Amino acid sequence: MLLSVIHIHQKHILRFSAGVWNLNRKMATCSETKTPIVVREVTTPLGVCTLKACDKGVHHLALTKIDENFDPNVSAGNVKEIPKKALEAEEGSTPMNKAVNWLVSYFENPSNLSGKIPPVCFPTDSSTEFERKVWTALGEKVGFGKTVTYSQLAGTAIDNPKASRAVGTAMKKNPIPLMIPCHRVIRADGEIGNYSMGGSTIKKWLLEHENTGA
Ligand SMILES: [Zn+2]
């Protein structure tokens with residue numbers, strides 16, 4: 001709670017620390033928990049990721065600025081050679097700190113990932129029960145380096161493998177890509193399919209990163 005008080009008093013201050021930005025200009029509140037939503041920007045090998053989280057869990061992750069040095073046509077192994085600008089662990093156990101640490105491990109040292117994603121929060125006023133079931137099943141059951149087809153995920157999440165089209169739509173609305181790993185959902189014919197966070201080249205890069213980094 002102390003942190004929340006500090007945020008309120010520093011509303012207009014943009015703090016920079018080792019590539020993790022605290023953007024406190026606009027304080028939003030979670031409709032579910034009524035706690036403030038904090039915002040951070042984390043520099044990753046792909047570019048700048050924006051994270052939002054309330055006291056309960058992560059709400060949102062987006063690649064808001066693709067790194068100008070990132071060439072998705074270069075293999076994942078080579079991209080890792082680009083100087084790392086700012087991946088540093090955060091102390092503390094708030095959902096936001098856990099999310100930052102998870103991102104650091106995801107790109108830098110995937111063997112440190114526990115298999116568990118950080119706590120998440122899907123407010124009921126901005127998602128359907130079906131979407132929450134699909135996102136939860138994907139986040140809990142399809143770990144690093146694994147893939148699943150749309151139909152398999154439909155079977156796992158709601159016991160209806162025929163709902164693959166609806167699963168595809170839920171993937172497009174996924175508020176927390178990477179953590180809810182929609183990039184691991186591929187088509188039954190082996191094609192990798194669409195990816196809303198930066199297109200299929202980034203999806204391919206992520207799958208390659210997971211194959212080489214596990
Ligand atoms: Zn929340």
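These legends go with close-up views of a predicted model.

**View 1. The largest nonpolar core and its best-connected residues.** Here we look at a core of 38 residues, in which Leu51, Val58, Ala99, Leu103, Leu153, Val167 and Met179 have the most contacts. Strands E4 (36-44), E5 (47-53) and E6 (58-66) each give two or more residues to this core, and so do helices H3 (95-108), H4 (129-141), H5 (150-158) and H6 (164-172). H3 supplies the largest share, eight residues. Because domain 1 (2-112) and domain 2 (129-213) both contribute residues, the core lies between them.

**View 2. The surroundings of Leu153.** Now zoom in on Leu153, one of the residues with the most contacts inside the largest core. Leaving aside residues up to four places away in sequence, Leu153 touches Val134, Ala137, Leu138, Val148, Val167 and Val185.

**View 3. A separate core of five residues.** Apart from the largest core lies another, with five residues that include Leu46, Tyr195, Ile202 and Leu206.

**View 4. Where H4 packs against H5.** The two helix axes are 9 Å apart and meet at an angle of about 105°, which means that H4 is roughly perpendicular to H5. On the H4 side, the contact is made by Phe130, Lys133, Val134, Ala137, Leu138 and Lys141. H5 answers with Leu153, Thr156, Ala157 and Ile158. How do the residues of this contact divide into nonpolar, polar and charged? Seven are nonpolar, one is polar and two are charged.

Key
Residues are numbered from 1 along each chain as its sequence is written. This is a predicted model: local features need pLDDT of at least 70, side-chain atom pairs count only at pLDDT 80 or more; totals for chains, interfaces and linings use all residues. A nonpolar core is a set of buried Ala, Val, Leu, Ile, Met, Phe, Trp, Tyr and Cys residues joined through C-beta atoms within 7 Å. A residue is buried if 20 or more other C-beta atoms lie within 10 Å of its own, exposed if 12 or fewer, and partly exposed in between; C-beta atoms are placed from the backbone. Helices (H or I, at least four residues) and strands (E, at least two) are DSSP runs, numbered from the N terminus. Domain bounds come from an automatic or database domain assignment. Two residues are in contact if their C-beta atoms, placed from the backbone, lie within 7 Å. Axes are lines fitted to C-alpha atoms, for helices over the stretch in contact, and angles run from 0 to 180 degrees between N-to-C directions. Angles under 35 degrees count as roughly parallel, over 145 as roughly antiparallel, 65 to 115 as roughly perpendicular and the rest as oblique. Ala, Val, Leu, Ile, Met, Phe, Trp, Tyr, Cys and Pro count as nonpolar, Asp, Glu, Lys and Arg as charged, and the others, Gly among them, as polar.
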